[in-house]
Amino acid sequence: MTSIPGFDARLNSMVEEQAAKAHQTPDEYVAQAVATQLMADVTRRKEDHTELLARLSDADIKVAEQSAGPQSVVADPERLQALYATGLLDAPREQVYDRIADMAASALAVPGAAISLVDVDRQFFVSMHGSPAEAPEDRQTSIDRSVCQYAVASGQPLVIPDAREDPVLKYNPAVTDGTVVSYLGIPLIDSGNHAIGTLCVWDTNPRQWTSGHVMTLRDLAQLATDRIFDK
């Protein structure tokens, strides 16, 4: 890694240390941090980030897919086959997944956290922090309420400081009714590179998510991924 201009040896060493903890190269770690801050700055200025998304296409963090929508990826037969193979759709709750969702809510200090699966016409919650619902029919929503489908479609972390200002998500029913204002979701991806759902957190207020938030949620998402695909 080339030394960062303005950083002394100690600061460069800290970057390398934190990158190792995140299982990234220093350059990847720096690129992610820059992308996160840039998106936050643009959102604060209430600028349309459509053009910026294209510029960040190689970065770790992406915002919602553009107006073409996520359906072509969500309905992909190979992705659906990977989803159904997990056996988790409509399955009883498992304590291990509840613990992961609870840890995510606690670590990021948010009221909402869930492990979601995105089917072609619905979103099913394997676990949802704070929800007592046990019956499968009480742990799902229609696909039109799903924010997670955009993380699934992109295959990348989805970082939304204020969905009410997002050109796509501001029309989502979960946003218009105030359930989701800020959102952070990490896709759960199998060895075939198919995203079946997410570990996600949300708040009813705007949030400026940091690279640290993304890394923390990514680590927890890895626990869920290992459990789902290594049974």
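# Close-up views

**View A. Helix H9 buries many of its residues, including Leu 217 and Ala 221.** Ser 211, His 213, Val 214, Met 215, Leu 217, Arg 218, Leu 220, Ala 221, Ala 224, Thr 225 and Ile 228 are buried in H9. Buried means under 20% relative accessible area, exposed over 50%, and partly exposed in between (1.4 Å probe, protein chains only). The helix has 19 residues. From first C-alpha to last, H9 spans 26 Å, close to the 27 Å expected at 1.5 Å a residue. That expected span is 1.5 Å times one less than the number of residues. Helices (H or I, at least four residues) and strands (E, at least two) are DSSP runs, numbered from the N terminus.

This is a predicted model: local features need pLDDT of at least 70, side-chain atom pairs count only at pLDDT 80 or more, and totals for chains, interfaces and linings use all residues. Residues are numbered from 1 along each chain as its sequence is written, and side-chain values use heavy atoms, with hydrogens and water left out.

**View B. The largest nonpolar core holds 30 residues.** A nonpolar core is a set of buried Ala, Val, Leu, Ile, Met, Phe, Trp, Tyr and Cys residues joined through side-chain atoms within 4.5 Å. Ile 115, Leu 117, Leu 184, Leu 188, Leu 199 and Val 201 touch the most other members. Helices H5, H6 and H9 and strands S1, S2, S5 and S6 each supply at least two residues of this core. H9 gives the most: six residues. Apart from this core lies another, of 22 residues, with Val 118, Ala 151, Val 168 and Cys 200 among them. In soluble globular proteins, nonpolar side chains tend to be buried together.

**View C. Strand S5 pairs with both S4 and S6.** Two strands pair if DSSP finds at least two bridges between them. S4 (residues 158-160) runs antiparallel to S5, with three bridges. Here Leu 158 has Gly 185 as its bridge partner. S5 and S6 are also antiparallel, over eight bridges. Ile 186 stands opposite Leu 199 of S6. Five residues separate the strands in this hairpin, where Asn 193 takes a positive phi near 70 degrees. Seven of the eight residues in S5 are buried.

**View D. Thr 198 sits in strand S6.** Its relative accessible area is 0%, so Thr 198 is buried. Beyond four places in sequence, its contacts (heavy atoms within 4.5 Å) include Ala 114, Cys 148, Tyr 183 and Pro 187. What does Leu 199 touch beyond four places in sequence? Its contacts include Ile 100, Ala 104, Leu 184, Leu 217 and Ala 221.

**View E. Pro 70 lies in the loop between helices H3 and H4.** Is Pro 70 buried or exposed? Pro 70 counts as buried because its relative accessibility is 6%. Pro 70 touches Gln 149, Tyr 150 and Ala 153, leaving aside residues up to four places away in sequence. Pro 70 and Gln 149 are 79 residues apart in sequence, but 6.6 Å apart in space, C-alpha to C-alpha.

**View F. Confidence drops below 50 over residues 42-68.** The score is pLDDT, the predictor's confidence in each residue, from 0 to 100. The protein averages 83, and 73% of the residues score at least 70. Where pLDDT is low, the predicted coordinates should not be read in detail. The whole protein has nine helices and six strands. Of its 231 residues, 49% count as buried.
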